[in-house]
Amino acid sequence: MKVDLIQYTPDPEKVVASAARLCYSADPVPELFERLDDETVARFVRKLRDMGHLSPFEHVSFQFSIDGVSRALSHQLVRHRIASYSQRSQRYVKENGFEYVIPPSIRRNPEAMERFEGVMARLQEEYQALQNMVPAEDARFVLPNACTTSLMATFNARSLLNFFEHRTCMRAQWEIRSLAESMLDLVRNVAPNLFSEAGPTCVTLGVCHQGTYSCGRLQTLQGKKT
């Protein structure tokens, strides 16, 4: 997996603070923007976040390049609908010699690993054979979820907070959790006040909504505080 933050709104925290200030000021945005210093911006962004007043967060966006992830991951990622996606097409790009993601549980089990790699090799053979019989867009039907893909994804900051809440949770599937953690590290570097409290609700709110499926991290965190 390779994840890069390739572009984002310049001065994202200042943009958020200016958008919020505009709601209570007769001055135009450029004037508000110029008058905001770093300390004021940080304080204002934290206040907005703590109050749950997150509509100003929608004015800034972050664009990611995501490579070497499985199709199983991409099917989960696009369920986060308030975002924009472009993905490498298996209809137009042939997957001869396709690379694939190996789950850790399979990698740790020699017998499972042998079976998995055998299946991948057979699917590759059948995929290439089918391309001599049918269009590539039909041959692709035998390609596995493990097959790697590349995407470009663009989120606004509010949508990212929601994504991090759900996908950094220990109940999230391991691969998309790894992606979310990498993305969170990247945006914290450029907008620390926007994302300093991002994460699963057990960390950010001290509650867990997973019920009997809870991983137990909340109890661990509460134990550290006592």
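## Charges and rings: a first look

Arginine 91 is a good place to begin: at 40% relative accessibility, Arg91 counts as partly exposed. Its side chain meets that of glutamate 137 in a salt bridge, with N and O 2.4 Å apart. Please keep in mind that this is a predicted model. The points below walk through the salt bridges, the charged surface patches and the aromatic rings.

**Salt bridges**

- The count of salt bridges comes to six.
- In the pair of Glu137 and Arg91, glutamate 137 sits in helix H7 (residues 136-139) and arginine 91 in the loop between strand S3 (83-87) and helix H5 (104-107), so the bridge ties together parts that are 46 residues apart in sequence.
- Glutamate 137 is partly exposed, with a relative accessible area of 27%.
- Another salt bridge joins arginine 158 and glutamate 58, at 2.7 Å from N to O.
- This pair links distant parts of the chain, 100 residues apart: arginine 158 belongs to helix H8 (residues 157-167), while glutamate 58 is in the loop between H3 and strand S2 (61-70).
- Arginine 158 is partly exposed at 35% relative accessibility, and glutamate 58 is also partly exposed, at 40%.
- Arginine 88 and glutamate 95 form a salt bridge too, their closest N and O atoms being 3.6 Å apart.
- Here arginine 88 is partly exposed at 27% relative accessibility, whereas glutamate 95, at 7%, is buried because buried means under 20%.

**Charged patches on the surface**

- A patch of positive charge brings together Arg21, Arg43, Arg46 and Lys47.
- Helix H3 (residues 38-51) supplies the largest share of this positive patch, three residues.
- Arginine 43 is found in helix H3 and is partly exposed, with a relative accessible area of 46%.
- A patch of negative charge gathers Asp11, Asp37, Asp38 and Glu39.
- Aspartate 38 has its place in helix H3 and counts as exposed, at 67% relative accessibility.

**Aromatic rings**

- Across the whole structure, a search finds eight aromatic pairs.
- In one of them, the ring centres of phenylalanine 155 and phenylalanine 163 are 5.4 Å apart and the planes stand at 40°, so the pair is tilted.
- Phenylalanine 163 also pairs with phenylalanine 164: their centres are 5.7 Å apart and their planes at 55°, so this pair is tilted as well.
- Phenylalanine 155 is buried at 1% relative accessibility, phenylalanine 163 is buried at 0%, and phenylalanine 164 is buried at 0%.
- These three rings belong to one aromatic cluster formed by Tyr8, Phe62, Tyr85, Phe155, Phe163, Phe164 and Phe195.

Key: Residues numbered from 1 in each chain as written. Predicted model: local features only at pLDDT ≥ 70, side-chain atom pairs only at ≥ 80, totals over all residues. Heavy atoms only, no water. Patch = residues over 30% accessible without salt bridge, like charges linked within 9 Å, V, L, I, M, F, W, Y side chains within 5 Å. Areas by Shrake-Rupley, 256 points an atom, 1.4 Å probe, with all protein chains shown as cover. Salt bridge = Lys/Arg side-chain N within 4 Å of Asp/Glu carboxyl O. Lys, Arg positive; Asp, Glu negative; His and termini not counted. Charge placed at Lys NZ, Arg CZ, Asp CG, Glu CD. Helix = DSSP H or I, 4+ residues; strand = E, 2+ residues; numbered from the N terminus. Buried < 20%, exposed > 50% of the residue type's maximum accessible area, 1.4 Å probe, protein only. Phe/Tyr/Trp six-rings, centres within 6.5 Å; stacked < 30°, edge-to-face > 60°.
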